[in-house]
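Here is a short report on one chain. Look at the sequence and the model first, then read on.

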Amino acid sequence: METGTSIDNNSYEGIKNGSWFIQFRNGCNPWMARYVYGLIFLLANLLAWALRDYGRGALTEMRKFKNCKDGGECLGTEGVLRVSFGCFLFYFIMFLSTVGTSKMHSSRDKWHSGWWFAKLFMWLGLVIFPFLLPSSIIQFYGEVAHFGAGVFLLIQLISIISFITWLNECFQAQKDAERCRVHVMLLATTAYTVCILGVILMYIWYVPDPSCLLNIFFITWTLFLIQLMTSISLHPKVNAGLLTPALMGLYVVFICWCAIRSEPVGEICNRKAEGSSKTDWLTIISFVVALLAMVIATFSTGVDSQCFQFRKDENHEEDAISYGYGFFHFVFATGAMYFAMLLVGWNIHHSMKKWTIDVGWTSTWVRIVNEWLAVGVYIWMLVAPMVLKSRGTT
C-alpha cells in the first residue's frame, strides 16, 4: 500500500511540475483551475450582456425555443436572467459536488481541478436549458436572485473587512513596530485625505443645486459615518487605531459614489449621468471596467474562504487543499445572481440602456444600504469583544 501511494505521489509531482497543458489536461493544479472557472464566469457575463444589448440579431435562432414567444422573452432582461440561471446551476452543482473536500489527490479534488471537457459541455447544456423553461419560472428565479445577490454582497463585505483587519494586524505584529508606526500613520493620512477629496468632489459633481437634498443627505451621512467609525476605533476601550477606519472610509466613500452614479440618466442632480446619455468611448470603457471589476471581485472573494472559518487550523497538513472548493463555487453561484441584478438594474420589470450597468433607483438604494450595512458590521466587529465579555461576566 505504501509503495502504491508513493508511486501515485511521484506521478502527481511529475504532472504538477510539467507544462500548463499537462496540468490542465490531468487536472492537478487547483490554483490554475480557479482561473478557468473565472474565465467561464466572464464568458457568462459577456453572453448575458450580448443578449441584453445586441440580442435582436439572434432573434431568428431564438424563435426555435417554444417558450421564447418570437424571441421577445429570451432577450433583454429575461435573456440576462436565463443565462444567469444556467450559470447559477453550473456553479451550484459544482458546489454540491466539491463541498467538504479537504485532501489533495482525492476524487473530488480531481473533479474540481480537471474533467474540463465534460464540465464545458455541462456548462453549455445548463446555459441552454433555461431557454426551454417558461417565462414564469424565469421570473421566479429573478425574484430569488435578489436574495442571492444580497448574500453575495454580504460575503464580499465580510471579506473586505477581514482583509482590512488582517492588514492592520500585520502592521501591529511586526517586531520593528516603531518603524511600522510611521508607515501606518502615512497610509492612514493618505486614506483620510482621499476620503475628504472624494466627498468634496461628490458635492461638486452631484449637488449642482440646493434642491438635491437626497444627494446632500447621502454624501453628508457618509462623512458622518467616517467620523463615527474613527471615534469608536480611537475609543480607549477599543483602541483599534487609525488605519482600519481610514481604509473603511475609502470603502464607504467608493460605495456612496457608486450609489449616486447609479441614479437614472436625466436626473438634474446627476450631471455625470446626463453627460453619458450618448454611447461614447468613455461609456464603453466604464462598462468594461465595471464588468471586469465584478468578475475580479467574485474571483477574489471566492478564494478567501479562511475569513469565514470560526476556528483557525494551525496544524496545516501537507496534503490539505489550498482554498475551500465548496465555498469558492458557492460564491460564484451567488455571483451569477449578482451579475444578473447589475445588468438589469435590480429591477426585472424594466429594460436597461445599452452599455450601462447597475443603473436605476433600486440600484442606488441597494448601494446605500450596503454602505450602511458595511459600517454596521465594522462597528460591531469593534465593540463585539467588549459586549460579549461584559455579558460573560454578568
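Phe328 lies in helix α14. Helices here are DSSP runs of H or I with at least four residues, strands are runs of E with at least two, and both are numbered from the N terminus. At 0% relative accessibility, Phe328 counts as buried. Buried means under 20% relative accessible area, exposed means over 50%, and partly exposed lies in between, with a 1.4 Å probe and protein chains only. Phe328 and Phe95 are 233 residues apart along the chain, yet their C-alpha atoms are separated by 7.7 Å.

The model is predicted: local features need pLDDT of at least 70, side-chain atom pairs count only at pLDDT 80 or more, and totals for chains, interfaces and linings use all residues. Residues are numbered from 1 along each chain as its sequence is written, and side-chain values use heavy atoms, with hydrogens and water left out.

**Two helices**

The expected span of a helix is 1.5 Å times one less than its number of residues. The table sets out α11 and α14.

| Helix | Residues | End-to-end C-alpha distance | Expected span | Buried residues |
|---|---|---|---|---|
| α11 | 243–261 | 27 Å | 27 Å | 15 of 19 |
| α14 | 325–343 | 27 Å | 27 Å | 18 of 19 |

For α11, the distance between the end C-alpha atoms agrees with the expected value. Because 15 of its 19 residues are buried, α11 is largely enclosed by the rest of the structure. Helix α14 is mostly covered, and its reach is close to the expected span. Just after α14, Gly345 takes a positive phi of about 65°.

**Ile379 and its contacts**

Ile379 lies in helix α15, which covers residues 361–393. Is Ile379 buried or exposed? Its relative accessibility is 16%, so Ile379 counts as buried. Contact means heavy atoms within 4.5 Å. Leaving out residues up to four places away in sequence, Ile379 touches Leu228, Met229 and Ile232. Ile379 and Ile232 are 147 residues apart along the chain, and their C-alpha atoms are separated by 7.5 Å. An α-helix has 3.6 residues a turn, so residues three or four places apart point the same way.

**The whole chain**

The secondary structure comes to 15 helices and 0 strands. Of the 394 residues, 46% count as buried. Among contacts between residues at least 6 apart in sequence, 76% join residues at least 24 apart. The chain exposes about 20,800 Å², and carbon and sulfur atoms supply 68% of that area. Accessible areas come from the Shrake-Rupley method with a 1.4 Å probe; for residues, only the protein chains shown count as cover.
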